[in-house]
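Q: Could you walk me through one part of this model up close? I'm new to this, so please explain the terms as you go.

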Amino acid sequence: MSEESLPEDVGAQGARAGYDDAREEPGEALPAYAERVLDVAELIPPGRVMTYGDVAEWLEEGGPRQVGRVMALYGGAVPWWRVVRADGVLLPGHEQRALSHYRAEGTPLKEASRATEGHMPRLDMRRARWDGERAEGHT
């Protein structure tokens with residue numbers, strides 16, 4: 001993904017704090033857009049999810065790719081497993097970790113058929129998707 005496609009304040013920071021790590025190294029400022037994306041991720045209740053596009057729509061800024069980029073770079077210290085693809089497919093490379101979170105939180109899943117490669121379930125987006133209605137402070 002081109003850095004040009006990111007909102008201005010996300011910039012080329014490197015993948016220091018993606019899905020596996022803390023948000024940012026101590027003393028380093030987090031870009032404002034990234035901070036807003038991570039704040040939304042923290043609002044999502046256990047057992048519920050928002051898509052990358054939902055988060056961008058909530059913020060009225062950026063798009064799904066920009067939100068995904070923020071989550072990849074900085075999402076490790078927030079419940080990253082609650083910001084997902086619209087098709088319900090679990091995050092590639094992080095399926096097992098995400099699945100353990102989903103099961104612990106009671107997130108609705110659709111079990112995979114035997115024909116599905118790897119027999120990995122998907123999120124039941126109809127039941128798991130959260131629209132942000134109950135969040136305080138959002139207008």
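Which residues in α2 are buried?

A: Sure! First, this is a predicted model, where local features need pLDDT of at least 70 and side-chain atom pairs count only at pLDDT 80 or more, while totals for chains, interfaces and linings use all residues. Residues are numbered from 1 along each chain as its sequence is written, and side-chain values use heavy atoms, leaving out hydrogens and water.

Now for helix α2, residues 52-59 (helices are DSSP runs of H or I with at least four residues, strands are E runs of at least two, numbered from the N terminus). The buried ones in α2 are Y52, D54, V55, A56, W58 and L59 (buried is under 20% relative accessible area, exposed over 50%, partly exposed in between, with a 1.4 Å probe and protein chains only). That's six of its eight residues, so α2 is mostly covered. The cover over those buried residues includes α1, β1 (50-51), α3 and β2. Just past the end of α2, E60 has a positive phi of about 55 degrees.

Let's zoom in on one of those neighbours, α1, which spans residues 32-43. The axes of α1 and α2 come within 10 Å and cross at roughly 115 degrees (axes are lines fitted to C-alpha atoms over the stretch in contact, with angles from 0 to 180 degrees between N-to-C directions). The two helices are therefore roughly perpendicular to each other (65 to 115 degrees; under 35 is roughly parallel, over 145 roughly antiparallel, the rest oblique). Where they meet, α1 brings Y33, R36, V37, V40 and L43, and α2 brings V55, W58 and L59.

Keep an eye on V37. Skipping its neighbours within four places in sequence, V37 is in contact with V55 and L59, and also with V67, V70 and M71 (contact means heavy atoms within 4.5 Å). V37 and V55 turn up again in the largest nonpolar core, which has 35 residues: along with V67, M71, V83, Y102 and L123, they touch the most other members (such a core is a set of buried Ala, Val, Leu, Ile, Met, Phe, Trp, Tyr and Cys residues joined through side-chain atoms within 4.5 Å). Two or more residues of this core come from each of α1, α2, α3 (64-74), β2 (83-84), α4 (95-105) and α5 (125-128). The largest share, six residues, belongs to α1. As a general picture, nonpolar side chains tend to be buried together in soluble globular proteins.
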